[in-house]
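Here are two short exercises to work through with a structure open beside you. Take your time with each task before reading its solution.

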Amino acid sequence: MIRTWRLDGPRQTLALGSRNDRLPRVIYWGPRLPDDEDMDVIYDAHKIDVTGGSLDANPELTICPESSRTFPGQPGLVLADGDGSALYSRFFYESEVKGENHISLTYSDEGLGLVYTAHFLIDPETHILESKAVLEANRPVRLHWLSAPVLPAPHYCDEMWDFTGRWCGEFQIAKTPWTAGGRYRNNRTGRTGHEAFPGLILPCRGATNTAGEAYAFHYGWSGGHRMVAEELPDGRRQVQFGHANGTETAPGTRFETATLYATYSDAGLNGCAVSFQRHLRDRIVKWPDPDRPRPVHYNCWEAVYFDHKLPVLKEIATKAASLGAERFVLDDGWFGLRDDDTRALADWQVDPRKYPDGLGPLIEHVQSEGMAFGIWLEPEMINPDSETYRAHPDWALGLDDQILGRQQMCLDMSNPSVREYLYEQFADLLGKNDIDYIKWDHNRVLPMPDAAQPRGTYLLLDRLRRDFPKVEIESCASGGGRIDFGILQRTQRVWLSDSNDALERLRIQHNAALFLPMAITGSHVGPRECHTSGRVLDIRFRAWVAAQRHMGFEMDPRELSIEEVRVLQQVTTWWKTNRLWMTRADILRLDSADPAVIAEQQMAEDGTRFVVFAGKADSSTQIAPRPLRLTGLDPAARYRVDILNREDLVALSRGTIALKDGPIEASGRYLMTMGIALPWSFPCGMWVVEGERL
Ligand code: DGJ
């Protein structure tokens with residue numbers, strides 16, 4: 001007997017099928033099928049041939065491929081009994097629950113006392129397919145691996161793109177050709193990591209940012225993921241995502257994967273990117289006040305580091321406010337004896353040497369300047385040199401002689417006493433002070449990965465969010481070391497990178513936009529001489545790169561020249577004027593013909609306006625700038641397009657191109673085909689081009 005199921009969204013269909021009550025396989029995933037498509041026919045039609053040297057039938061590539069069924073690739077479940085002996089499941093259909101946009105399918109193995117449930121949901125507006133797997137056992141078992149429901153990878157696809165990176169260099173794309181065997185990412189650092197953002201993009205042959213077909217995936221988990229993208233000997237391909245191997249360290253009777261978010265696009269990589277951006281902004285992030293415009297930040301880290309002096313901080317706050325800041329974030333150094341990064345983490349008492357009257361006087365000053373007050377915390381960490389460690393050495397995670405990271409250890413977040421202690425410290429801090437925002441940092445990897453750790457962190461975050469629902473939280477981990485949809489269910493902003501180098505940031509932002517919307521992506525104007533790269537970049541470039549995302553400042557404003565202040569005020573005013581529509585806009589990566597230009601178009605939700613940021617990341621090989629093709633416009637409509645920052649023209653631009661003198665008006669067809677000719681510019685500059693539908 002054949003059973004089939006289909007889930008439809010406006011743009012895609014996911015079809016599942018199974019025979020003889022075995023686990024189902026994905027028999028189709030792609031553009032939406034006609035409503036009257038015969039699923040039994042599709043079930044039969046999707047099967048591939050067998051030949052000499054093969055088994056007599058192809059082993060089923062199900063949503064949880066089973067070793068017991070001669071499956072030649074990576075199984076979806078690796079399990080052992082309490083005594084360590086291997087368990088090889090043979091699941092059979094048990095029940096199902098179907099709704100308009102979702103299906104849950106339950107299978108059991110009575111002999112082994114196991115129940116497996118797969119959940120699928122398609123969001124009809126964002127086009128994101130959410131899925132997760134749950135395994136239950138009638139006695140404690142040991143889980144080595146459980147994949148979220150396995151999805152197929154297309155055959156008409158030559159490369160897989162996943163993500164690598166480093167501190168100050170997040171979101172680097174690693175392109176691997178599809179060949180026989182698997183690409184395996186197993187992030188055993190215990191946190192999402194700079195080096196392993198849990199995403200995968202499968203561009204079908206010929207796909208670009210703006211055209212063609214693509215599939216994309218993201219695993220929403222903060223404890224380190226495992227990905228297997230594998231081509232079987234018969235040519236079929238599977239994609240598995242789950243928690244990193246062996247991170248369920250204790251026997252249990254119930255395990256579940258995090259949610260796997262996936263989508264199909266027929267509008268290039270941007271189709272996937274826009275789905276993730278919207279889903280994250282509108283479905284995942286819980287905004288304390290969704291109508292509140294994103295406030296311009298000032299963060300004092302790179303201005304004062306640990307050297308907190310109240311009069312200096314007040315002066316800085318006043319200057320930050322005059323630039324346009326609306327939120328002042330007091331970074332590391334305000335608590336315990338925290339004069340450098342060797343001590344005091346976990347001693348969450350305001351340092352009376354630096355703040356004899358508590359934080360009140362600084363908060364009052366910040367508020368008198370019209371700004372809200374935010375504060376830095378690193379809750380999951382402890383320095384061996386701290387009062388808390390001396391009192392509770394057993395609260396630290398890992399061995400006594402472990403390698404420290406930034407002179408610190410992790411707290412054991414699975415320990416309820418640790419969570420209670422932290423909750424009390426922060427509830428007291430938030431109760432006594434008018435704090436609008438927490439920058440929640442996490443500056444080292446775990447001594448050994450353990451899924452109980454992120455679960456404990458989630459519990460603490462959830463409790464604080466419940467009791468202090470107005471406080472926004474930023475996820476920071478030495479910059480972008482913890483960016484995923486799991487942490488973003490509990491936070492509202494990410495500190496994308498510790499790199500305030502606008503040149504590096506331009507690329508990091510561009511790639512991060514494959515998943516992250518403007519509303520949650522923090523970006524600050526850093527010091528004139530960048531502290532992490534030594535580069536000296538012009539204030540205009542620094543300002544515009546920050547204005548591409550949730551804008552802020554992080555330099556010491558006392559270093560700014562009159563001209564730099566003028567530029568920052570001007571760009572910040574522009575950002576404030578435009579932030580409401582930009583917060584709801586889609587970030588569309590442009591296919592720049594010139595590899596030296598990294599460009600994007602932020603397109604308003606209603607299509608009536610857009611802004612293009614064309615960053616010059618390098619010198620071009622050719623003499624004159626190549627026209628930049630726009631995207632997402634109505635080919636038949638007319639648009640007025642104008643350069644906003646024409647004052648940044650340099651004398652070496654000597655021609656008489658149209659946009660130099662004023663706006664041009666042209667059809668969407670023209671702008672998307674021929675593109676706009678921009679003036680010649682120096683590297684490390686940005687053209688900002690505004691467009692309006694006529
Ligand atoms: C790492 C963060 O990424 C920085 O922005 C800063 O908050 C420091 N930690 C503080 O220790």
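The exercises below cover a sheet and some cysteines in this predicted model.

**Exercise 1: the sheet**

Work out which strands stand at the edges of the open sheet of three strands, and why one side of each is left without a neighbour.

*Solution*

Step 1. Start with the strand order, which is β1-β2-β3, with antiparallel pairing.

Step 2. Count partners: β1 (2-8) and β3 (25-31) each have a single partner strand, so these two are the edges and one side of each lacks a neighbour in the sheet.

Step 3. Add the geometry: from one strand to the next, the twist averages 15 degrees.

Step 4. Look at one pairing in detail. Seven bridges join β1 to β2 (residues 12-19) in the antiparallel sense. To find one on your screen, go to Trp-5, whose bridge partner in β2 is Leu-16.

**Exercise 2: the cysteines**

Find how many disulfides the model holds, taking sulfur atoms within 2.5 Å as the cut-off, and decide whether Cys-272 and Cys-476 are buried or exposed.

*Solution*

Step 1. Apply the cut-off of 2.5 Å between cysteine sulfur atoms: the count comes to zero disulfides.

Step 2. Check Cys-272. The nearest cysteine sulfur belongs to Cys-204 and is 9.1 Å away, and Cys-272 is in no disulfide.

Step 3. Check Cys-476 in the same manner. Here the nearest cysteine sulfur is that of Cys-168, 11 Å away, and Cys-476 is in no disulfide.

Step 4. Turn to accessibility, where buried means under 20% relative accessible area. Cys-272 has 2%, so Cys-272 is buried. Cys-476 has 1%, so Cys-476 is buried too.

Notes: Residues are numbered from 1 along each chain as its sequence is written. This is a predicted model: local features need pLDDT of at least 70, side-chain atom pairs count only at pLDDT 80 or more; totals for chains, interfaces and linings use all residues. Side-chain values use heavy atoms; hydrogens and water are left out. Two strands pair if DSSP finds at least two bridges between them. Helices (H or I, at least four residues) and strands (E, at least two) are DSSP runs, numbered from the N terminus. Axes are lines fitted to C-alpha atoms, for helices over the stretch in contact, and angles run from 0 to 180 degrees between N-to-C directions. Buried means under 20% relative accessible area, exposed over 50%, partly exposed in between (1.4 Å probe, protein chains only).
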